[in-house]
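Please open the model in your viewer, with the sequence panel beside it, and keep a selection tool at hand. The stops below are meant to be taken in order, each beginning with something to select.

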Amino acid sequence: MLHTRVNNAMLQRIQTVYLIIVAFIMLALYYWFPVIIDNEGNILLGNKEPLVFGIIFVSIALVIITILLFKKRQMQFVLNRLNIILNFVLLGVFVYKSLILSGETLVSEKGIGVLLPIISIVFLVMANKAIKRDEDLVKSVDRLR
């Protein structure tokens with residue numbers, strides 16, 4: 001009974017929905033990763049690259065940890081900020097790798113894959129705003145007591 005109440009309280013908060021969306025976005029980024037291939041068919045940037053895979057994995061892990069720490073709003077806020085920084089680093093890796101390539105490379109499947117970290121950052125910012133709103137609400141209730 002208590003376990004059900006905890007899960008309901010966690011899922012009723014809008015920031016949890018935003019964080020679940022971020023987790024799905026990062027999973028989609030891993031599966032539909034922007035692959036950069038040169039003229040000979042060699043993969044120059046793919047989802048098997050350790051840096052990219054590591055950032056995506058750590059970002060998903062941070063989202064899961066943040067969702068599970070629903071009672072510690074300040075810790076959620078800090079973990080979301082760290083996740084935003086990770087997504088900016090991932091976006092920087094994409095931009096850097098695409099800029100250092102020679103002019104004769106083919107970019108296939110780049111489409112939305114490069115934009116997914118930006119969309120993820122937007123949802124993380126929205127989650128942080130919702131967490132801040134919850135924290136302000138709790139502080140105002142504590143002042144009334």
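What follows is a tour that begins with the whole chain, moves through its helices and then stops at single residues.

**The whole chain**

Before selecting anything, bear in mind that this is a predicted model. Colour the chain by secondary structure, and you should be able to find 5 helices and 3 strands, which follow one another from the N terminus in the order α-α-β-β-α-α-β-α. If you then switch to a surface representation, the accessible surface of the protein chain comes to about 9,000 Å², and 70% of that area belongs to carbon and sulfur atoms. Of the 145 residues in the protein chain, 41% are buried. A contact map is worth drawing as well, since among contacts between residues at least 6 apart in sequence, 75% join residues at least 24 apart.

**Helix α2**

Select residues 14–31, which form helix α2, a run of 18 residues. From its first C-alpha to its last the helix reaches 26 Å, close to the 26 Å expected at 1.5 Å a residue. Which residues of α2 are buried? They are Gln15, Thr16, Tyr18, Leu19, Val22, Ala23, Ile25, Met26, Ala28, Leu29 and Tyr30, and it is helpful to keep them displayed as sticks for the next stops.

**Adding α3**

Now add residues 50–68, helix α3, whose axis lies 9 Å from that of α2, with the two helices packing at an angle of about 160°. The two helices are therefore roughly antiparallel to each other, and their crossing is left-handed. To see the interface itself, show the side chains on both sides: from α2 come Thr16, Leu19, Ile20, Val22, Ala23, Met26, Leu27, Leu29 and Tyr30, and they meet Phe53, Ile56, Ser59, Ile60, Val63, Thr66 and Ile67 in α3.

**Adding α4**

Next select residues 73–99, which make up helix α4. The axes of α3 and α4 come within 10 Å and cross at roughly 160°, so this pair, too, is roughly antiparallel. On the α3 side the contact includes Leu51, Val52, Ile55 and Ile56, while on the α4 side it includes Gln76, Leu79, Asn80 and Leu82. The crossing of α3 and α4 is left-handed.

With α2 still displayed, turn to its relation with α4, where the axes come within 13 Å and cross at roughly 25°. These two helices are therefore roughly parallel to each other, and the crossing of α2 and α4 is again left-handed. Here Gln15, Leu19, Met26 and Leu29 in α2 meet Gln76, Asn80, Asn87, Leu90 and Phe94 in α4.

**Asparagine 47**

Leave the helices for a moment and select asparagine 47, which lies in the loop between β2 (43–45) and α3. Is this loop residue buried or exposed? Its relative accessible area is 17%, and because buried means under 20%, asparagine 47 counts as buried. Setting aside residues up to four places away in sequence, asparagine 47 touches Tyr30, Phe33 and Phe53. A distance label between the C-alpha atoms of asparagine 47 and tyrosine 30 should read 6.2 Å, although the two residues are 17 apart in sequence.

**Leucine 91**

Return to α4 and select leucine 91, which is found in that helix and, at 15% relative accessibility, counts as buried. Not counting residues up to four places away in sequence, leucine 91 touches Val114, Pro117 and Ile118. Leucine 116 makes a useful reference point for this stop, being 25 residues from leucine 91 in sequence and 8.8 Å away in space, C-alpha to C-alpha.

**Asparagine 128**

For the last stop, select residues 116–144, helix α5, and within that helix pick out asparagine 128. With a relative accessible area of 8%, asparagine 128 is buried. Which residues does asparagine 128 touch, not counting those up to four places away in sequence? They are Gln76, Phe77, Asn80, Arg81 and Ile84, and it is worth displaying them together with the asparagine. To close, label the C-alpha atoms of asparagine 128 and glutamine 74, which are 54 residues apart along the chain and separated by 9.8 Å.

Technical notes: Residues numbered from 1 in each chain as written. Predicted model: local features only at pLDDT ≥ 70, side-chain atom pairs only at ≥ 80, totals over all residues. Heavy atoms only, no water. Helix = DSSP H or I, 4+ residues; strand = E, 2+ residues; numbered from the N terminus. Expected span 1.5 Å × (residues − 1). Buried < 20%, exposed > 50% of the residue type's maximum accessible area, 1.4 Å probe, protein only. Contact = heavy atoms within 4.5 Å. Areas by Shrake-Rupley, 256 points an atom, 1.4 Å probe, with all protein chains shown as cover. Axes fitted to C-alpha atoms, helices over the stretch in contact; angles between N-to-C directions. Parallel < 35°, antiparallel > 145°, perpendicular 65-115°, else oblique. Left-handed = near helix turned anticlockwise from the far one by under 90°.
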